[in-house]
Amino acid sequence: MTDVLEDLAWRDLIAQSTDLDDLRALLAAGPVTLYCGFDPTAPSLHLGNLIQILTLRRFQRAGHRPIGLVGGATGLIGDPSGKSAERTLNSAEVVAGWVERIRGQVARYLDFDDGPTGALMVSNLDWTGPMSAIEFLRDIGKHFPVNRMLARETVKARLDSTGMSYTEFSYVLLQSMDFLELYRRYDCRLQTGGSDQWGNLTAGVDLIRRAEGGSAHALTTPLLTKADGSKFGKTAGGETYWLDPDLTSPYAFYQFWFNADDRDVEKYLKVFSFRTREEIEHLIKESAERPAARPAQRALAEEMTTLVHGADECAQVIAASRALFGQGALEELDERTLDAALGEVPRTQVPPGDLPTVVDLLTDTGLCKSKSEARRAIAQGGAYLNNAKVTSEDAVPTTEDLLHGRFLVLRRGKRNVGGVEVLRP
């Protein structure tokens, strides 16, 4: 076993802990079972969740046993942490469907062998569902002083603003019960999560002490922020980067990492990459020497896209990135990848039938501000259609030019790319 806490500390992945020295001694004594919970509040997990999944993976690689818990029960309630208003509750059928999707996403990153470090996947609905309200109040509720619950920052903030229902007020009891149940079933001694979960995690530690007289630990990771002050894992328009390729394409996923701010890339490599300290330090040094080549961002984008979407998808994405800028064959890209790539650049749609001129398309995509500017770009040899130089100001694409029968790729100069989609009849 390796000292996983030392590695986490170097990666700036420790925000809070109940007792690091005691936890270090526990981890050194043998395989420790730990868990992290994931509530099904959407059909997919996102980049923020990936931090927690990979933290479980790091513990497993260091010789410990991870449990991925999907909140089949807590997902029906909703965690009030960080929320300024009451959540909209989803139906049991919707939550059940999301549970299965998220179970599969978490399981991809863990090893499920028969050894002492073999991972487990559980749903808290398995023990919460059969429990009656009376049992819950007698066996769990009696261990939670109301004055202490009212003192929680999440509760105080909501009571001072929009208020909080008893449903959300009870969420901490449900999550604490999960820790107690896993402690009883699997001798689970550690719960991990984001720093916004600190109150929920320590409540579980306290419940284990009160109900069983046992000892357990909580460890949180910092909430990640970007250097420019915007939210991590969000597009400029506020959209979320999901782990599901149907919600965020592998191309867009790759571009997120590749376009990381130079001020953020070292932090991202530490938090997400499984490269060694020496490898990361070498990439950062190389990036300082050759910033235009973006070696750290490139390495990060390739590692993360391969990890989440697989090597084949990553290869397709890299091929698309090169082809858009004239360094590969556009015709070799599959339709899904090309569609996703053009979704990341200025794009216009045209009705079926006769195609507009290249001058019109350069203007419609915004690559040129006016038709006269588009004509000058063509005259100066700086306009391209599907990576072929446009030589005539009167050029009109033909149906034979359409990639997959519906796309055109325009480029002005070396770096300004736009897309055209011909709508289906």
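**Charges and rings in a predicted model**

Biologist: Arg-58 lies over the face of Phe-274. What makes that a charge over a ring?

Modeller: This is a predicted model. In it, Arg-58 is 4.3 Å from the ring centre of Phe-274. The cut-off is 6 Å, with a limit of 35 degrees from the ring normal. Arg-58 therefore counts as a charge over the ring.

Biologist: How do you know that Arg-57 lies over the face of Phe-274?

Modeller: Arg-57 is 5.1 Å from the ring centre. The distance must be within 6 Å, so this value passes.

Biologist: Why is the pair of Phe-232 and Trp-257 called tilted?

Modeller: Their planes are 55 degrees apart. Under 30 would be stacked and over 60 edge-to-face, so 55 is tilted. The centres lie 6.4 Å apart, and the limit for a pair is 6.5 Å. The pair also links distant parts of the chain: Phe-232 sits in the loop between β6 and α12, and Trp-257 in helix α12.

Biologist: Why is the pair of Trp-257 and Phe-272 called edge-to-face?

Modeller: The angle between the planes is 65 degrees. That is over 60, so the pair is edge-to-face. The centres are 4.9 Å apart. Trp-257 is in helix α12 and Phe-272 in helix α13, 15 residues apart. Both residues are buried. Ring pairs link them into a cluster whose members include Phe-253 and Tyr-268.

Biologist: What makes Glu-212 and Arg-184 a salt bridge?

Modeller: The N to O distance is 2.7 Å. The cut-off is 4 Å, so the pair counts. Glu-212 lies in helix α11 and Arg-184 in helix α10, so the bridge ties together parts 28 residues apart in sequence.

Biologist: Is Glu-212 buried, exposed or partly exposed, and why?

Modeller: Its relative accessible area is 40%. That falls between 20% and 50%, so Glu-212 is partly exposed. Arg-184 is partly exposed too, at 46%.

Biologist: Why does Asp-206 count as buried?

Modeller: Its relative accessibility is 17%. Buried means under 20%, so Asp-206 fits. Its salt-bridge partner is Arg-210, which is partly exposed at 31%. Both lie in helix α11, four residues apart, about one turn of the helix.

Biologist: How do you know that Glu-266 and Lys-270 form a salt bridge?

Modeller: Their closest N and O atoms are 3.9 Å apart. That is within 4 Å, so the pair counts. At 13%, Lys-270 is buried, whereas Glu-266, at 35%, is partly exposed.

Note on methods
Residues are numbered from 1 along each chain as its sequence is written. This is a predicted model: local features need pLDDT of at least 70, side-chain atom pairs count only at pLDDT 80 or more; totals for chains, interfaces and linings use all residues. Side-chain values use heavy atoms; hydrogens and water are left out. Rings of Phe, Tyr and Trp (its six-membered ring) pair if their centres lie within 6.5 Å; planes under 30 degrees apart count as stacked, over 60 as edge-to-face and the rest as tilted. Helices (H or I, at least four residues) and strands (E, at least two) are DSSP runs, numbered from the N terminus. Buried means under 20% relative accessible area, exposed over 50%, partly exposed in between (1.4 Å probe, protein chains only). A salt bridge is a side-chain nitrogen of Lys or Arg within 4 Å of a carboxyl oxygen of Asp or Glu.
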